[in-house]
Amino acid sequence: MKVGILSFAHMHAQSYAAHLRNHPDAELHAIWDDDPVRGEAMAAAYGAKYYRDLTAFLQSPIEAVVVCSENARHKAHVLACAKAKKHVLCEKPIATTVPDAEEMIRVCAAEAVILQVAYPVRFAPAIERVKELVQSGALGEILAINSTNHGQMPGGWFVEEEQSGGGAATDHIVHLMDLVRWMLADEVKSVYAELDTRFHQLAVEDCGMVSLVLESGVIVGIDPSWSRPKTFPTWGDVTMRIVGTQGTVEVDVFRQHLLHYNDQAGKLNQLPWAVDMDARLIADFVQAVKEKRAPSISGLDGLRTLEVVKAAYESNRLQQTVFIDRALLA
């Protein structure tokens, strides 16, 4: 199956490209990028054909596209792919506004193409095991979840609100919110958030605390930040502490690693040895396209997490709790 990558603006694109190249049933055939230097370099690195013209890229013999452009461009790029009858794996967040996400979902449905959102943490084996524990009832009734997603400040377009949609809250809330929805099969009722800029000189937030109440009454805390220094041995973390009436479980998604004392770079690095979640995400998407089945992580999943992010910004602006008004798709 021939697959294309639309833009290498997002750093995850290189990981996806490597896994597509190594997949036995997929071929990274084409790359589009509006930066010709970057696009040509990536095409040479991964043995693909570079296109600067988007129409020509979409007319190439690809069946599916991985969209890794800037967040604000997801809508235009996903719609172009859908109208060209190409299945889509879209980097998170699905879009920068709720109406854009709704339109992306509607158009992909109308064109009968898959729209999957890239939430690779679902494919971490430790997270899968925690989901099994939660849904088996081993922890009893779930009462509360406390979670973190800390990372290094990415710079570039990620800190430009018009291109990213926001700062650390946009970048990090969505991963944890997706896991909570997936594990508990529940939706958010209300959001209270305080966001701030404490670690860097930015026009967007780099830290905050988000408190959620789910429809079931479960209380969820999310700590999203770009608080890791450049010298930190890895980019960040994803952790969860899930409290139930019969037990508590804690998970650190990136705990399985080796320490690399890197004299050449002058720093200590954490090298993960667990199953690669990006590889499993790509394999799942390829399988969905081959089997013509519904995606494991749908456009609706992306929309619901985006609604929480937008409610957090509104709560921070109003300095009060905001109740979620979930979009009803026609």
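This is a short tour of a few strands and two cavities, to follow in your viewer. Keep in mind as you go that the model is predicted.

**Stop 1: strand β4**

Select residues 64–67, which form strand β4. Are the residues on its two faces buried or exposed? Color Ala64 and Val66 first: they sit on one side of the strand, and both are buried. Now add Val65 and Val67, which lie on the other side and are buried as well. Both faces of β4 are therefore covered. If you wonder about the every-other-residue pattern, side chains in a regular strand alternate between the two faces of the sheet.

**Stop 2: the neighbors of β4**

Next, show residues 2–6, which make up strand β1. β1 pairs with β4 in the parallel sense, over 4 bridges. To see one position in this pairing, select glycine 4 and look for valine 65 of β4 opposite.

Then bring in strand β5, residues 87–91. Here too the pairing with β4 is parallel and runs over 4 bridges. Which residue of β5 is the bridge partner of valine 67? Select cysteine 90 and you have found the partner. Now trace the chain from β4 to β5: the path goes through helix α4, residues 74–83, and this β-α-β crossover is right-handed.

**Stop 3: a hairpin**

For another kind of pairing, move to strand β13 (residues 257–262) and strand β14 (residues 267–272). These two run antiparallel and are joined by 6 bridges. Pick leucine 259 and its bridge partner in β14, glutamine 270. The hairpin has 4 residues between the strands. Stop at glycine 266, which takes a positive phi near 70 degrees.

**Stop 4: the cavities**

How many cavities of 30 Å³ or more does the structure hold? There are 2.

The largest has a volume of about 50 Å³. To frame this cavity, select His10, Asn71, Lys92, Pro93, Phe158, Ser164, Gly166, Gly167, Thr170 and Asp171. Its lining has 2 nonpolar, 6 polar and 2 charged residues.

The second largest cavity has a volume of about 40 Å³. Show its lining with Glu187, Val188, Arg304, Glu307, Val308, Ile324 and Arg326. By class, this lining divides into 3 nonpolar, no polar and 4 charged residues. Which helix gives the most to the lining? Select residues 299–318: this is helix α10, which contributes 3 residues.

Definitions and conventions
Residues are numbered from 1 along each chain as its sequence is written. This is a predicted model: local features need pLDDT of at least 70, side-chain atom pairs count only at pLDDT 80 or more; totals for chains, interfaces and linings use all residues. Side-chain values use heavy atoms; hydrogens and water are left out. Buried means under 20% relative accessible area, exposed over 50%, partly exposed in between (1.4 Å probe, protein chains only). Two strands pair if DSSP finds at least two bridges between them. A crossover is right-handed if, with the strands pointing away from the viewer, the path from the first strand over the helix to the second runs clockwise. On a 1 Å grid over the protein atoms alone, a cavity is a set of points where a 1.4 Å probe fits but cannot get out, and a pocket is an open set with protein on both sides within 12 Å along at least five of seven lines; lining residues have an atom within 4 Å of a point. Grid points are joined across faces, edges and corners, and a volume is the space filled by probe spheres set on the points. Ala, Val, Leu, Ile, Met, Phe, Trp, Tyr, Cys and Pro count as nonpolar, Asp, Glu, Lys and Arg as charged, and the others, Gly among them, as polar.
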